[in-house]
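Here are my notes for a colleague who is meeting this structure for the first time. They are best read with the sequence and the model side by side.

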Amino acid sequence: MSAKGWSGSVSKKEMETGVTYFRLEEVAKHNSAKDLWLVIHGRVYDVTSFVVEHPGGEKVLMEQAGRDGTEGFEGAGHSSDAREMLGQFCIGEIHPSDRMAVSP
Ligand code: HEM
């Protein structure tokens with residue numbers, strides 16, 4: 001369980017479930033093409049290595065960098081292949097306290 005650049009302490013719940021939780025504030029820091037995280041359906045994705053490979057282009061990912069890209073992701077009508085790809089970029093979930101602020 002590693003989280004690049006994350007300096008928060010590990011909560012009891014995280015130790016029990018093995019899930020890494022990120023605050024929106026933390027996700028927002030990863031907002032450049034060289035360090036790009038986004039949130040889709042409450043999960044956090046580090047797509048830094050995927051930006052240049054994204055079939056939909058770099059621009060749309062940059063526009064959502066450090067933010068909740070659920071609407072954009074769903075709006076583009078991604079294939080089931082694209083949905084399966086999400087798994088390899090997932091690094092954790094949005095912290096329960098911030099969950100109301102993002103799309104479930
Ligand atoms: C980890 C996140 C993402 C992955 C793995 C991903 C993957 C893909 C893949 C594999 C395609 C090719 C078409 C398909 O198989 O559906 C695609 C196309 C596309 N994606 Fe993404 N995508 C991601 C995030 C996003 C986001 C956040 C947006 C918009 C804000 C977006 C917008 C698009 C668009 C506009 C296309 C082109 C659709 C077309 O040409 O018809 N993608 N993406």
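1. I would begin with the surroundings of the ligand, where the shell divides into 12 nonpolar residues, seven polar ones and one that is charged. Please keep in mind throughout that this is a predicted model. The shell consists of 20 residues, and the closest to the ligand are Pro55, Gly56, Gly69, Gly72 and Ser79.

2. Which helices supply the shell around the ligand with at least two residues each? They are helix H3, at 58-64, helix H4, at 70-75, and helix H5, at 80-86. Of the elements that contribute, H5 gives the largest share of the shell, namely four residues.

3. For the chain as a whole, five helices and five strands are present, and read from the N terminus the elements follow the order α-β-α-β-β-β-α-α-α-β. Of the 104 residues in the chain, 22% are buried. Among contacts with a separation of 6 or more, 67% are between residues 24 or more positions apart.

4. The strands form an open sheet of five, in the order S1-S5-S4-S3-S2 and with mixed pairing. At the edges of this sheet stand S1 and strand S2 (31-32), each of which pairs on one side only. As general background, strands of a sheet pair through backbone hydrogen bonds, and they may do so in a parallel or an antiparallel way.

5. Both kinds of pairing can be followed at strand S5, which spans residues 90-94. Strand S1, residues 21-22, runs parallel to S5 and is joined to it by two bridges, with Phe22 standing opposite Ile94 in S5. Strand S4, residues 43-46, pairs with S5 in the antiparallel sense over three bridges, and here Tyr45 is the residue that stands opposite Cys90 in S5.

6. The largest nonpolar core holds 15 residues, of which Leu36, Trp37, Leu38, Val39, Val44 and Tyr45 touch the most other members. Two or more residues of this core come from each of S1, strand S3 (35-40) and S4, and the largest share, five residues, is that of S3. In soluble globular proteins, nonpolar side chains tend to be buried together.

7. Leu36 deserves a separate look, since I would like the reader to trace its partners in the model. Leaving aside residues up to four places away in sequence, Leu36 touches His30, Val47, Thr48, Val51, Leu61 and Ala65.

8. Is His41 buried or exposed, or does it fall in between? His41 counts as partly exposed, because it has 15 C-beta neighbours inside 10 Å, whereas 20 or more would be needed for a residue to be buried. His41 is placed in the loop between S3 and S4, and although it is not a glycine it has a positive phi of about 50 degrees.

9. Finally, a remark on the annotation, which should be read as coming from a record. An unreviewed UniProt entry carries "domain: Cytochrome b5 heme-binding" over residues 19-95. Within residues 19-95 the chain is 31% helix and 25% strand, and the C-alpha atoms at the two ends are 10 Å apart.

Definitions and conventions:
Residues are numbered from 1 along each chain as its sequence is written. This is a predicted model: local features need pLDDT of at least 70, side-chain atom pairs count only at pLDDT 80 or more; totals for chains, interfaces and linings use all residues. A residue is buried if 20 or more other C-beta atoms lie within 10 Å of its own, exposed if 12 or fewer, and partly exposed in between; C-beta atoms are placed from the backbone. Two residues are in contact if their C-beta atoms, placed from the backbone, lie within 7 Å. A residue is near a molecule or strand if its C-beta atom, placed from the backbone, lies within 6 Å of it. Ala, Val, Leu, Ile, Met, Phe, Trp, Tyr, Cys and Pro count as nonpolar, Asp, Glu, Lys and Arg as charged, and the others, Gly among them, as polar. Two strands pair if DSSP finds at least two bridges between them. UniProt positions are given in the numbering used here, feature names are shortened, and annotations may be inferred rather than shown by experiment. A nonpolar core is a set of buried Ala, Val, Leu, Ile, Met, Phe, Trp, Tyr and Cys residues joined through C-beta atoms within 7 Å.
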